[in-house]
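Q: Could you take me through the charged side chains of this structure, with a close look at one part where they pair up? I'm in my first year, so please keep it relaxed.

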Amino acid sequence: MTAQHIGPLDDRHTQPLRVLIVDDSATVRTVLRRTLSGLGIDVVGVASDGLEALDLAAELRPDVITLDVEMPRMDGLTTLQQLMERQPTPVVMISSLTTEGADATIRALELGAVDFIEKPTFSNLANAGAALEAKLRNASRARVTLTRAVPPRPRVGDGGGRWRERVLVIGASTGGPQAVRAVLTALPPDFGLPVAVVQHMPAGFTRSLANRLDTLGPLRCVEAEPGMRLQAGQVLLAPGGQHMVFDHAGRASLNEAPPEHGVRPAVNVTMASIAAIPGANPIAVILTGMGRDGVRGCQTIRDVGGTILAEAESTAVVWGMPRAVVEAGLA
């Protein structure tokens, strides 16, 4: 079983946000508690391992939980899975930038975690307080429920040909890994369109996400590298920290130009480049996420006659990006 986030943002939290901190590091627990308390967030408890966390979660009923991965007695992924089975609660993972840490983070997002915080930022938590608070408040407003995990789908070939008529481009942010997985695993094995995906995520995590999506099939999924082409039945995922741009022949390039709407990779950048490809006739899909990234890109796709789809409010973890597209009259 995994967790699925449903429903729009709401105003349930008129009282101070109640957070349970779970981490085996006493230093991390102290720094987090001090930082969150300074932001007016009520730290209702701290736990040093998963078993203690499950007991405290049942007793305290926090609005959101911060959860470490590596812990004694019960690790974070096991804790997350049991929490979602017993008492679905919004969770923000505490993640390292190691390969193992990134893989665990992607698995946690698949199991139902709403978002994650990078461990290397802890030395600068005082300066990153606003972003941390936003992640926790966004997570606390996500409703969670259980759904059965999607089994891997068989793959028929690996694409490799020129696209048939259209290009599919998907943009997502908070809650996106689950939503992107749901879309890609629902496609048929003989899906004949090339796919480009922009998921707001920092460097170090998108390769693990691409590898995970690749194992679930049915389409081949890779983190984009310079020179890769849009190919039928293949998914190119924008690397974290870099904009993904396609030339008129459908070849990818990557750059570190300034972020748009505070994010890099930006959905706008990729969509605008695909709109300029002769004959691309793109289909744009905007999934769950905060902010307005994707509006400009969808406008460029609409201007060339493409199709725009936005995730419904009833299924989005955060109905921000899709809402902006809908309210702009583009969807």
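A: Sure! This is a predicted model, and a good way in is a negative surface patch, which is formed by Asp-24, Glu-70, Asp-75, Glu-100 and Asp-103. Take Asp-75 from that group: look for Asp-75 in the loop between strand 4 (64-68) and helix 3 (76-86). With a relative accessible area of 32%, Asp-75 is partly exposed. A residue needs over 30% relative accessible area and no salt bridge to belong to a patch.

Now for charges that do find a partner. Side chains of opposite charge can pair when their charged atoms come close. Searching the whole structure turns up 10 salt bridges, and the part to zoom in on is a network of them that links Arg-107, Glu-110, Arg-181 and Arg-212.

Start with Glu-110. Glu-110 has a relative accessible area of 7%, so it counts as buried, the cut-off for that being under 20%. One of its partners is Arg-107, and the closest N and O atoms of this salt bridge are 2.7 Å apart. Why do these two line up along the chain? Both sit in helix 4 (residues 99-111), 3 residues apart, which means about one helical turn separates them. Arg-107 itself is partly exposed, at 31% relative accessible area.

Glu-110 also forms a salt bridge with Arg-212, and here the closest N and O atoms are 2.5 Å apart. This pair reaches across the sequence: Arg-212 belongs to helix 7 (residues 206-216) while Glu-110 belongs to helix 4, so the bridge ties together parts that are 102 residues apart in sequence. Arg-212 is partly exposed too, with a relative accessibility of 28%.

So, picture Glu-110 as buried, with salt bridges to Arg-107 and to Arg-212. Arg-181 is linked into that network as well.

For another example, hop over to helix 5. The side chains of Glu-133 and Arg-137 make a salt bridge there, 3.0 Å from N to O. They are 4 residues apart in helix 5 (residues 129-140), so again about one helical turn lies between them.

Last, a quick stop away from the charges. Strand 12 (residues 243-246) and strand 13 (residues 252-255) run antiparallel and are joined by 4 bridges. One of the partnerships is between Phe-246 and Ala-252, the latter in strand 13. The two strands form a hairpin with 5 residues between them, and Gly-250 in the turn has a positive phi of about 85 degrees.

Methods: Residues numbered from 1 in each chain as written. Predicted model: local features only at pLDDT ≥ 70, side-chain atom pairs only at ≥ 80, totals over all residues. Heavy atoms only, no water. Salt bridge = Lys/Arg side-chain N within 4 Å of Asp/Glu carboxyl O. Buried < 20%, exposed > 50% of the residue type's maximum accessible area, 1.4 Å probe, protein only. Patch = residues over 30% accessible without salt bridge, like charges linked within 9 Å, V, L, I, M, F, W, Y side chains within 5 Å. Areas by Shrake-Rupley, 256 points an atom, 1.4 Å probe, with all protein chains shown as cover. Lys, Arg positive; Asp, Glu negative; His and termini not counted. Charge placed at Lys NZ, Arg CZ, Asp CG, Glu CD. Pairing = 2+ DSSP bridges.
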